[in-house]
Amino acid sequence: MKKSPKRKVSEENREFNSAWTYLFAFTANDAGLPVCLICGERISYNKKCNVERHFQNKHLAFAEKYPTEDERKRAISELLRKAEESKLSFKKWISSPQPTSTASCVAALEIVKRGKPFTDGEYLKESFIKISEHLFSDFKNKGEIVQKIREMLLSAKTVRDRTIKMAENISRKQIDDINSAQAFSIACDESSDVNDVEQTALLCRYVNCDGPQEELIELIPLKGQTRGQDICEAVVSCLEAKGISTTHLVSVSTDGAPSMRGAQKGFVNLLQKSLDRELMAFHCILHQEALCAQTFPPECVEVMNVIIKIVNKIIANGLSHRQFCSLLEEVDTAYSDLLLHNKVRWLSRGEVLKCFATCLEHVKMFLESKGLRYPELEDLDWLGKFYFMVDMTSHLNTLNKNLQGKGSTALQMPENVLAFERKMTVFARDAQKRTLSHFPSLREFKEANNEINYEYFHRAIIAMQAAFGERFSDFRKEKHTLSFPVTPLDIDPSLLNTVAFTGVCKSDLEIELADIADKDLWVNKFKTLTADLEEVACHKATLAKEHKWNDIEKLPHPDKLVFETWSAIPDTYINMKKYAFGVLSMFGSTYLCEQVFSSMNFIKSKHRSRIKDESLQSCMKIKVTSYSPDIGKICSELQTQKSH
């Protein structure tokens, strides 16, 4: 008997079942075939088993995240909304008068944000074409879409030109916001790039309608000398060229280099002379903390030198390094390798010591197997100093991490330092009483070996505490001024420094403070602010204790909370608001300058050392800014050029 021919799937006339949308997160495309809302993958046939298999194999986590029917419906409805928005945006792009210009700007933005070279444009276009041919295979106008992408101008020159245009657009937005702000502050630092050109990072902090902003204004190359006079001339010329008014500049923060803070010829002093008025000047609190951390006794410094020598001995030789890593892997230690010490990095020393302490027994075993002998590793006095440094640098690292990051006010940072200074009294008493409650590594060593030199450690802590006490004078002097945005009603107005605040009248400020003192509505605002800041500080302390640094970044920023409170205060207290926003604009450190230099070294690397100054400045501006370029405006300007 002759078998009937097998029916083709296309002849089954299968249709998409709308119930699959909320069961398996699928929708139908223009050809009526199922497309996953979660990953965008298209299924070839309208078969329930295929759709269900895809969902169970690839998106089980989605099902677990939204177990109930109502939760899943809400989540899928949101996915449907986003898919519809994407489709409308895509249609709008295709039908726009300049789709290729828009796409080239978006592509250039993506290239620069990732720190890639301009030549990546053509590679990115080819990737777009391949993705589009697969993604839009069922679209009736697939050929038109792919052709539009082929027409995209993504040569290295085009990407560079688009980058410069977008950077100029961002600069205009920054300048408008700075000039309309009540006050602004600057931070300056310098570092050499891969070609030994001194680059000066000029950053501004100001308050606009969205809250406090910290922005890179310019990366200024200094091709000749880098004296305070040269830096001052470069910064003043940059501000003038960009049209930034210095009348409401209130403070400047720098590192402690003589070219920056020299009493006569330092940048800060020359800048004040150039402006013919006094500014509030701050020495970066992180740099001061790092200098205090370098006051360990000479014997402890020698301990660090020996450890660096041992680490270099193991890591410098490729074979030894591989064998040591294999040993650590076999014994299943917390670390898979030793860390190298870098004097430039603030946290490097503590991390190296902590890692070395964890791997100490395995290091000794490995060195013996290689016939290498370091008598210090058997010397109990040397080991006592080593474990003391492990614990002390751990405390210093915790302080350092609390001082880093965005969103900290110029008040909170010195408060953290002063709190640590008081803690050192507790540390010294701990060593004097021989309890070692705050020195877990040293305590464990003492329990195993009985005797350690308590008096030596006590003197070392007292010496470091004295170093802390001698520094941070600029922050101590302005404590009342820096406290104003949080506790304005608890401060004697006569103690406030208003010299740098050109738009604030001290007598009017005193009258406003007297007027608001008995207005419960506004007084309660500041009480609520204090409670909110306390809550954030408690959460931060808990997370820091558990070393959950990424979770700390998710907490509300203190400066944002302060801004929201003062924004609610009416303009009848305008002098108070100007003063509070001026203090809120102050930099406590040059931490962001260091971040800028990290990005600079990534962009201008040894593989891309010939990048021109204008291109580097534009790349840096786009990479570190919180502003988004107005691509629509840029494209319309491109279309009005005669060459188009």
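This report describes the fold content, aromatic contacts, one helix packing and selected loop residues of a predicted model.

**Overall composition**

The chain of the predicted model has 644 residues, of which 48% count as buried. Its secondary structure consists of 30 helices and seven strands. Among the contacts in the chain with a separation of 6 or more, 69% are between residues 24 or more positions apart.

**Aromatic contacts**

A pair of aromatic rings is described by the distance of the centres and the angle of the planes. The model contains 22 aromatic pairs. One of them joins F388 and F439: the ring centres are 6.0 Å apart and the planes meet at 25°, so the pair is stacked, given that planes under 30 degrees apart count as stacked. The two residues are 51 positions apart and link distant parts of the chain, with F388 in helix α17 (residues 380–403) and F439 in the loop between α18 (412–432) and α19 (440–449). Both F388 and F439 are buried. They also belong to one aromatic cluster, which is formed by F296, F388, F420, F427, F439, Y456, F457, F468 and F472.

Charged side chains also lie over aromatic rings. The charged end of K73 sits over the ring of Y22, at 5.8 Å from the ring centre. R608 is placed over the face of F118, and here the distance to the ring centre is 5.0 Å.

**Packing of α13 against α17**

Two packed helices are described by the angle between their axes and the distance between the axes. Helix α13 (residues 298–316) and helix α17 have axes that come within 9 Å and cross at roughly 90°. This crossing makes α13 roughly perpendicular to α17, because angles of 65 to 115 degrees fall in that class. On the α13 side the contact is made by E299, C300, V303, M304, V306 and I307, and on the α17 side by W382, K385, F386, F388 and M389. The residues of this contact comprise nine nonpolar, no polar and two charged. F388 therefore takes part in the contact with α13 as well as in the stacked pair with F439.

**Loop residues with positive phi**

Most residues other than glycine have a negative phi, and most peptide bonds are trans. A25 and R434 are two residues of this model with a positive phi, as the table sets out.

| Residue | Phi | Loop | Relative accessible area |
|---|---|---|---|
| A25 | near 60° | between α1 (19–24) and β1 (26–28) | 0% |
| R434 | about 65° | between α18 and α19 | 51% |

A25 is buried, because its relative accessible area of 0% is under the 20% limit. R434 is exposed, with a relative accessible area of 51%. The loop that holds R434 lies between α18 and α19, and F439 of the stacked pair is also placed between these helices.

**Surroundings of L489**

L489 is located in the loop between α22 (479–483) and α23 (506–516). Its relative accessible area is 30%, so L489 is partly exposed. Apart from neighbours within four places in sequence, L489 is in contact with L513, I516, A517, V523 and F526. For the last of these residues, F526, the separation from L489 is 37 residues in sequence and 8.7 Å in space, C-alpha to C-alpha.

How values were computed: Residues are numbered from 1 along each chain as its sequence is written. This is a predicted model: local features need pLDDT of at least 70, side-chain atom pairs count only at pLDDT 80 or more; totals for chains, interfaces and linings use all residues. Side-chain values use heavy atoms; hydrogens and water are left out. Rings of Phe, Tyr and Trp (its six-membered ring) pair if their centres lie within 6.5 Å; planes under 30 degrees apart count as stacked, over 60 as edge-to-face and the rest as tilted. Helices (H or I, at least four residues) and strands (E, at least two) are DSSP runs, numbered from the N terminus. Buried means under 20% relative accessible area, exposed over 50%, partly exposed in between (1.4 Å probe, protein chains only). A charge sits over a ring if NZ of Lys or CZ of Arg is within 6 Å of the ring centre and within 35 degrees of the ring normal. Axes are lines fitted to C-alpha atoms, for helices over the stretch in contact, and angles run from 0 to 180 degrees between N-to-C directions. Angles under 35 degrees count as roughly parallel, over 145 as roughly antiparallel, 65 to 115 as roughly perpendicular and the rest as oblique. Contact means heavy atoms within 4.5 Å. Ala, Val, Leu, Ile, Met, Phe, Trp, Tyr, Cys and Pro count as nonpolar, Asp, Glu, Lys and Arg as charged, and the others, Gly among them, as polar.
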